[in-house]
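Subject: Structure handover

Hi,

Here is the structure I said I would pass on, with my notes underneath. Have it open in your viewer while you read, and shout if anything looks odd.

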Amino acid sequence: MEIHSEQTVFRELPRVKAASTPNALTLCFHCGTPCRDGARALQEKAFCCHGCLTVFELLTANGLTDFYNLAENAGVRVKPGVDQFAFVDAPTVRERLVNFSDGAVSKVTFRIPAIHCIACVWLLENLFRLKEGIGQSQVQFPRKEVAITFDNSKVKLSEVVSLLASLGYEPDLKFSDLESAKTPISRRLWMQLGIAGFAFGNIMLLSISSYLGLDDWGNLNLKKLFGFISFALALPVFFYSASDYWKAAWISTRRKLLTIEVPIAIGIVALFGQSVYEVFSGRGEGYFDSLCGLLFFLLCGKLFQQKTFDRLAFDRDFKSFFPLSATRKIGGSEERAALSQLAIGDRLLVRNGELIPADARLISGPALIDYSFVTGEAEPSARNPENYLYAGGRQIGGVIEVEIVKAVSQSYLTSLWNQEVFSKEKPETLHTLTNVFSYRFTKIVLTIAFASALFWSFVDPGRAVKSFVAVLIVACPCALALAAPFALGTAQRAFARRNAFLKNASVIEKLAVVNSIVFDKTGTLTAAGAGSVSFHGEPLTFLEQGWIHSLTRQSTHPYSMRISELFSGESTDPIRSLREIIGCGMEGLISGNEIWIGSAAWLESRGVATEKSFGSSVHVAINGKYRGRFDLTSALRAGTDKLLRNLSANYELALLSGDNEKERVRFTELFGESASLHFNQSPLHKFEFVEQLRCPGKTVMMVGDGLNDAGALKKSDVGVAVVENISAFSPASDIILNAKMVSHLGEVLRFSKSSVRVVKLSFLVSTMYNIVGISIAASGNLSPVVCAILMPVSSISIVAFACGATTWLGNRIFHHCSAEKNDQHPETGENKVSLLAASPTQLVEAA
Amino acid sequence: MTVILLLIPLSILIASIFLFAFIWAVRSGQYEDTCTPSMRLLTDEDRRASKIKNSENKQQS
């Protein structure tokens, strides 16, 4: 990085106080989040933090300020404290990450969830300007990937990763990346589609003359010529483009099932056979145009499905729960080591907010472990040295030192994952709408074909075979095969725009028949970290409020943080003899006043009589006298009460919580009397509850957020994982739902019902087309013209109907949701929704 | 009208050239990502300039 002399001017900058009036929040010039404490200013531009300012300086110094012209507040907030990537240079790790290396030049592909707009693409493709040795970099926007080519001798892999992280584009390096290989992309579909389209167009051009009866021109036998050319063009289509249908139909018939591919295969064979006969015997022009048209439309449908899948597919493996590296203590120094390099007996340092990667023993440091994701227990638990710490817990507070007791792969968590109950894959269901319909369809069509053949064999034997084949030809399963993919695919995309990501389109069909809903409590219905805090006792004086605010600000305990937010004034007097006792409380001396804030048990042990309270509360004593208590309730997500009321009318509801009974009364009120509420549920209990609930007639939807519901999510018919941050880990589920959408669960269910209705209507329309077509065919009057017109018309009209109706319904049902999405969230400044692509990694909260 | 016997095969030949061009494009991976090039288009001028600078850097080093 070129250091200019102006750099020195940037060093000492005034801290900017946040705007005093609530409406005039200044937004960071770089990333758009509101500037609070710690804001910086430069050249009349405000920045929310030192990180953003640093990036701004870096871009300015290298002439890359166009970044800010390409998109508003396009920057990504840099995560503080993530700067150690030396471990990626270790040969074992490096090998897995790098795509190829030929000695001098290496190419590496990273997944960067923070990519969200055109400015990101531009900046990442101009990476070479920021570091000598980096060559070309290419972004793949839909997959949020960047492929960087760099010179080994000039720059190390860790330096590349550091550069990306310093810009805010930290690559997503997960444990699982080092184990699985990336799957290659299929180009076959494009080839098949291209060839089918080519043949379709050209054969149609040639066929026009025969439709208009103009192919008998003088003594030229154009009919025969065109027939042969059409045959030649249709050959690759029949063998190459239709190959997937042959395979699928063969597999289906072997299993004695009648999926949609069977009638399609029958239709193709009938078309091809009849056409070959007609052309080679000189009796007609054949139906090659309809054949190629049929395949072209079918493949278009497949491509649409594939594109939807590529854009929206997510595969959340349990392994991606873990970070890639941990800080290891070797001798007296620290180093960052990949998880795969850790061994039993290693000493690790776990900082505030970091995960404990393996079962370990606490060596030193005040440990306050948040197991909410693993067990569902909302309150963090304090641990003492020599206590056993389970993998998956998150440390809150200072740095602790732990010693690994079990290998990462053998920790409690991993053994839980590997348990039969958690790892059983859901069986692929063949009872989709399309397959059920195609089953009936095939039977009816075959019956009619045989019946008409039988009929004509008595009346006019010449027509018998012709009508048989004609019925098979015209009974177009094309529309059937297109209705569901297009309607449900459009619905899937509509869901994705509203931050509900479905694993595949068939989830919608299951959603439409759900009649029983099971909710998890912590993190699903309640929002972590937020909530109401109320004070009970004699009103606190302004001075006392200031003391409590200063004291609680010093702690990272979630309760302390919420209490400190209650009061805004900061005491000007310094705090003396501040002490925080993990699991008990904190004390400090301000202006000669002794302030104790903590649990009832702790205050009692110091001789202060406290009030009895239900639920979580933090008690305050000043100068040895009891002052009052703060009652903290976990906040219900906005709109939950309305949601539960609406749902209880039509669905059977249940609540499973890993937390204790303290909130039973409150939730009985919300859920109604008929719902069943269960507390103190372990992951296994939750799994068993869902298992026992599922029975014929009941379709169960489970809504949860953490590993503790993973088994239940898998066991249910539809598993919904609620996440705050889309790109963060969430267990394998059928749907990933952004936390903001939980209150709109009712609309989600309604929309899926409507989409299924659209599919059924499309089937109805297609049936009508078929009735018309089959009646013409059964009478033995089918001509290529009729076929060539009927088939594209029915396909296109059904596709248009399916897509249009679904989009319209989506807009109608969700109209108030989309309005919210584009508003700037006051807390997070999350308004960086890219309208260029809807993808699960879109709404990354980089802070 | 017999010229049509020449024209039809000729037109099919020309059309095949385009088909082969399509096949080549698919094979060279141009259809893998149809989204990002549309975004790159809006910033193209800078990239052309930058490519030159990049190759200059490469030449110097």
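Searching the whole structure, which is a predicted model, turns up 30 aromatic pairs over all chains. One to pull up is F231(A) with F280(A): the ring centres are 5.1 Å apart and the planes sit at 90 degrees, so this pair is edge-to-face. F231(A) belongs to helix α8 of chain A and F280(A) to helix α10 (residues 261-281) of chain A, so the pair ties together parts that are 49 residues apart in sequence. The two rings differ in burial class: F231(A) counts as buried because its relative accessibility is 18%, and buried means under 20%. F280(A), at 44%, counts as partly exposed.

Another edge-to-face pair is F455(A) with W456(A), at 5.2 Å centre to centre and 70 degrees between the planes. Here F455(A) is partly exposed, with a relative accessible area of 47%, while W456(A) is buried at 12%.

Back to F231(A) and F280(A): both are members of a cluster linked by ring pairs, along with F228(A), F238(A), F239(A), W246(A), F272(A) and F288(A).

Now for chain A as a whole. It has 28 helices and 29 strands, and 53% of its 847 residues count as buried. If you look at contacts in chain A with a separation of 6 or more, 67% of them are between residues 24 or more positions apart.

On to the nonpolar cores. As a general point, nonpolar side chains tend to be buried together in soluble globular proteins. The largest core in this model has 127 residues, and the ones with the most contacts inside it are I517(A), F519(A), L653(A), F671(A) and M701(A). Helix α17 (residues 478-497) of chain A gives the largest share of this core, 13 residues. Apart from that core lies another, of 64 residues, with C35(A), A114(A), L124(A) and V139(A) among them.

What does L653(A) touch, leaving aside its neighbours within four places in sequence? Its contacts include I517(A), F519(A) and F671(A), and also L644(A), L647(A), S648(A), A675(A) and S676(A).

Next, a strand worth clicking on: β28 (residues 718-723) of chain A. It is largely enclosed by the rest of the structure, because 6 of its 6 residues are buried. V718(A), V720(A) and V722(A) point one way from β28(A), whereas G719(A), A721(A) and V723(A) point the other way. That fits the usual rule that side chains in a regular strand alternate between the two faces of the sheet.

β28(A) has parallel partners. Strand β27 (residues 700-704) of chain A pairs with β28(A) over 4 bridges, and G704(A) has A721(A) as its bridge partner. A further 4 bridges join β28(A) to strand β29 (residues 735-738) of chain A, again in the parallel sense. In that pairing, V720(A) stands opposite I735(A).

There is also an antiparallel sheet in chain A. This one is open, with 6 strands in the order β9-β8-β10-β16-β11-β14. Its edge strands are β9 (333-338) and β14 (388-389), each pairing on one side only. β14(A) is joined by 2 bridges to β11 (residues 360-364) of chain A, and A360(A) has L389(A) as its bridge partner there.

Close by in the sequence, E386(A) is in the loop between β13 (381-383) and β14 of chain A. Is E386(A) buried or exposed? It counts as exposed because its relative accessibility is 53%, and the cut-off is over 50%. Not counting residues up to four places away in sequence, E386(A) touches R361(A) and L362(A). With R361(A) there is a polar contact between the two side chains, at 2.8 Å.

Last, chain B. Helix α1 (residues 4-27) of chain B has 24 residues and reaches 34 Å from its first C-alpha to its last, close to the 34 Å expected. Its buried residues include I4(B), I8(B), I12(B), L19(B) and F22(B). What covers the buried residues of α1(B) includes α7 (188-211) and α8 (222-241) of chain A. Just after the helix, G29(B) takes a positive phi of about 85 degrees.

Cheers

Conventions: Residues numbered from 1 in each chain as written. Chains lettered and ligands numbered in written order. Predicted model: local features only at pLDDT ≥ 70, side-chain atom pairs only at ≥ 80, totals over all residues. Heavy atoms only, no water. Expected span 1.5 Å × (residues − 1). Buried < 20%, exposed > 50% of the residue type's maximum accessible area, 1.4 Å probe, protein only. Contact = heavy atoms within 4.5 Å. Pairing = 2+ DSSP bridges. Polar contact = N/O pair within 3.5 Å; in protein donor to acceptor, adjacent residues only side chain to side chain. Core = buried A, V, L, I, M, F, W, Y, C linked by side-chain atoms within 4.5 Å. Phe/Tyr/Trp six-rings, centres within 6.5 Å; stacked < 30°, edge-to-face > 60°.
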